[in-house]
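I want to go through the metal sites and the ligand pocket today. Notes as I go.

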Amino acid sequence: MPTVHRTPSVTLTAAPTRALDAELLVIPVFENDDLADEAGLDDATGGEFGRALARGAFTGKAFELLAVAASGWTTRRLALVGAGRQAEVTSDLLRRIAAMSGLATRDRRLTSMAIVLRPGMAPAAAVQAFTEGAILANYDGASYKTGTDSPPPVWLDRVQLRVSSTAGDLPAALERGLVLGECTNLARELSNEPGSTLTPRVLAERALSIAKTAGLRAEVLDEKQIADLRMGMLLGVARGSAEPPRMIVLRHEPKNAVKGVVLGLVGKGITFDTGGISIKPADNMDKMKDDMSGGAAVVCAMAAMARLGAPVSCIGVIPATENMPGGRAVKPGDILTSAEGKTVEVINTDAEGRLVLGDGLWYARRLGATHLVDVATLTGACVVALGRTTSGLFGTPAAWLEHVRRATERAGDRSWPMPIFDDYKEQLKSEIADFANTGGRPAGAITAALFIKEFSGGLPWVHMDIAGTAWAEESKPYQPKGATGVAVRTLAELALDAAAWSKL
Ligand code: BES
Ligand code: MN
Ligand code: ZN
C-alpha cells in the first residue's frame, strides 16, 4: 500500500524565536499587529516586514502569506501568516493556519517548520490546533503516481511549537492534537483506497488491526452470522456482489467511564457504490470508492478515544458491503425485512446506505448503546443543500443534536442542523411495506434521515450526512485535495466530552 500520510515529530520549545532551528519559521500575524514584541524581527528582515505593512502588501488578513528572509536568525526562512482579527481567533482558524503552513513548507520541498504562538492565543487550545493542522498537512492522496514528472511528495518530519513555557497542560494538549491528527489521516487513507482492494473483508481486517494497535476490543461478523441475526437490509444490499458483507464491531470500555451511558457509533461502510440495479451514471462513479468514509471515521475516532482514554463506553458498528448490480442483486420492488422486523420496499437500489445503517443502528442498540450517532456519505441531496463545506446534522432531542453540533465545531468539521419534521414521513409511504427506501427528490437528505430514525428505537440519535464533505474536489491553501477524514475528530471530541452530555 502506498504511503499517503506520515506523522511528524511535534515538540514544544520555549527557545527565543530568533534561535528556533527549522527550515521554515512561521509567525502568525494578526491584523494591526506590528510584531513589536518579537524583538529584532523587522531588522532581521532588513525592514522588509515593516515596508510590507506600510504599503499594505501584508495586512494580517487570514491566510495571507509573506515570505521573507531573516538574516542573523537561526532559521533564515520566515513565513508571516495572516491570522485575522485577534478578537475573532478560533481553534478552527489556528488549525487551518498550521495546515496552510505545513502545506507551504512541503510545497517548498522542506521538511521542518516551527510555529510561534502569539499573545492572544490560548496556549493549550493553540497547541492542540497547531498540532492537528500540521499533521493534516502531511497527507497526499496521489500515491499511485510513478515517473519523474511527478516527483514523490516531501513529508514534514519535524514540527516545533514555540510557547512561553512548556509546562502545565501543554504536553497533554499536544498529545491530543497528535492523536486526533494522526487518526484523521488514517481515515483518509482508508477512504482513498480503491474499491477493489478495500473490499468489505479487507476493511474489516484493517479495522481489526487499527483496533488492536489502539487497544480496542474488536470483532467481525461474517455473512453467516449476519444472516443468523436476520439483518435483511444489509444482506439485501450485499446480494448483488461477489464479495461477502461484514459487520465490524468495536468496543472502547475504559475503567473511568461515566456511568449509565454508552455511546453507539454507526458508520456507513459501502466499500463501493455502483448504485446496484438502479445503476449510477458513469460520470463521477469513481468517487464512490469513498462511500465507506463514515465507517472509516467511526473506526479511526474510536482508535483516538482508546489512545486518549476518553471517559465513556463506546460501541462502534460498521456494516460493510459493496453495492453491486450482480445477477442476484436486490431488484426495485423487492421487499426486505430488517433485523428489527420492519419491512421495506426497495424503490431505488441506490438508496442503500440507509438500509445498512438501519440494521447497524439496531445492532448498536442491541449491544447496549444509549446515545446514537451515525455518520454516512448518504445523499446527493445533502450536497445540493449545504455544498461541499458543511455536513448536514439531523436528530433528536435538540439537546443531543446540540452536543454533537458543538463537537463538530471543536473539531473543525463544519456542520449545520436540518429539520426532520414528521410531515416529511408522508414521502416514505409504501403501498405494500412499512415504508419505502426513497422519498423522491424533494428534501432528499431529510427523508433519508427520517428513514434511519425509524431504527433509532427512540434513543437520542444524530445522523451526520457527510456526502459533500468526505472528499475535497479542490485543494485549498489549508486543505489538500482528496479524502478529508471528516467526522473523526468530531466523534472523538464528543466522547472526550461525555461528562457534559451524560446527564441528558
Ligand atoms: N453514496 C450515495 C450518496 C452520495 C452521492 C455520496 C454523491 C457522495 C456524493 C448514496 O448511496 C446514494 O446513491 N444516494 C442516492 C439516494 C437516492 C437514490 C434516493 C442519491 O443521493 O442520489
Ligand atoms: Mn447509493
Ligand atoms: Zn452510497
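How far does a polar side-chain atom of lysine 268 lie from an oxygen atom of ligand 1? I looked that up to begin with, and the answer is 3.1 Å. Reminder to self: this is a predicted model.

**Zinc ion (ligand 3)**

Lysine 268 turns up again here. I listed the protein donors of the zinc ion (ligand 3) as Lys268 (NZ), Asp273 (OD), Asp291 (OD) and Glu352 (OE), at 2.0 to 2.4 Å from the metal. Along the chain I read their spacing as K-x4-D-x17-D-x60-E. I then checked the geometry: the six donor atoms give angles of 79 to 174°, and the site comes out octahedral. For reference, six ideal octahedral donors would sit at 90 or 180 degrees.

I also looked at where two of these donors come from. Aspartate 291 is in the loop between strand S10 (269-273) and helix H9 (293-308), while glutamate 352 is in the loop between strand S13 (343-345) and helix H10 (353-366), so this pair ties together parts 61 residues apart in sequence. Aspartate 291 is buried at 2% relative accessible area, and glutamate 352 is buried at 1%.

**Manganese ion (ligand 2)**

For the manganese ion (ligand 2) I found the protein donors Asp273 (OD), Asp350 (O), Asp350 (OD) and Glu352 (OE), lying 2.1 to 2.2 Å away. Aspartate 350 therefore appears with both an O and an OD atom in that list. The donor residues are spaced D-x76-D-x1-E.

Why is the arrangement here irregular? The six donor atoms around the manganese ion (ligand 2) subtend angles of 68 to 168°, and octahedral would need every angle other than those between opposite donors to fall between 65 and 115 and the opposite ones to be over 155 degrees.

Next I checked the link between the metals. The manganese ion (ligand 2) and the zinc ion (ligand 3) are 3.1 Å apart, with aspartate 273 coordinating both. Aspartate 273 lies in strand S10 and glutamate 352 in the loop between S13 and H10, so here the pair joins parts 79 residues apart in sequence. Aspartate 273 counts as buried, at 3% relative accessibility.

**Ligand 1**

Back to where I started. I get 15 residues surrounding ligand 1, the closest being Lys280, Asp291, Asp350, Glu352 and Gly380. A polar side-chain atom of aspartate 291 is 2.9 Å from a nitrogen atom of ligand 1. The side chain of aspartate 350 has an N or O atom 2.7 Å from an oxygen atom of ligand 1. Taken alone, ligand 1 exposes 510 Å², and the protein buries 76% of that.

Methods. Residues numbered from 1 in each chain as written. Chains lettered and ligands numbered in written order. Predicted model: local features only at pLDDT ≥ 70, side-chain atom pairs only at ≥ 80, totals over all residues. Heavy atoms only, no water. Donors = N, O, S within 2.8 Å, 3.2 Å for Na, K, Ca; no water. Tetrahedral: all angles 85-135°; square planar, octahedral: opposite > 155°, others 65-115°. Helix = DSSP H or I, 4+ residues; strand = E, 2+ residues; numbered from the N terminus. Buried < 20%, exposed > 50% of the residue type's maximum accessible area, 1.4 Å probe, protein only. Near = heavy atom within 4 Å. Polar contact = N/O pair within 3.5 Å; in protein donor to acceptor, adjacent residues only side chain to side chain. Areas by Shrake-Rupley, 256 points an atom, 1.4 Å probe, with all protein chains shown as cover.
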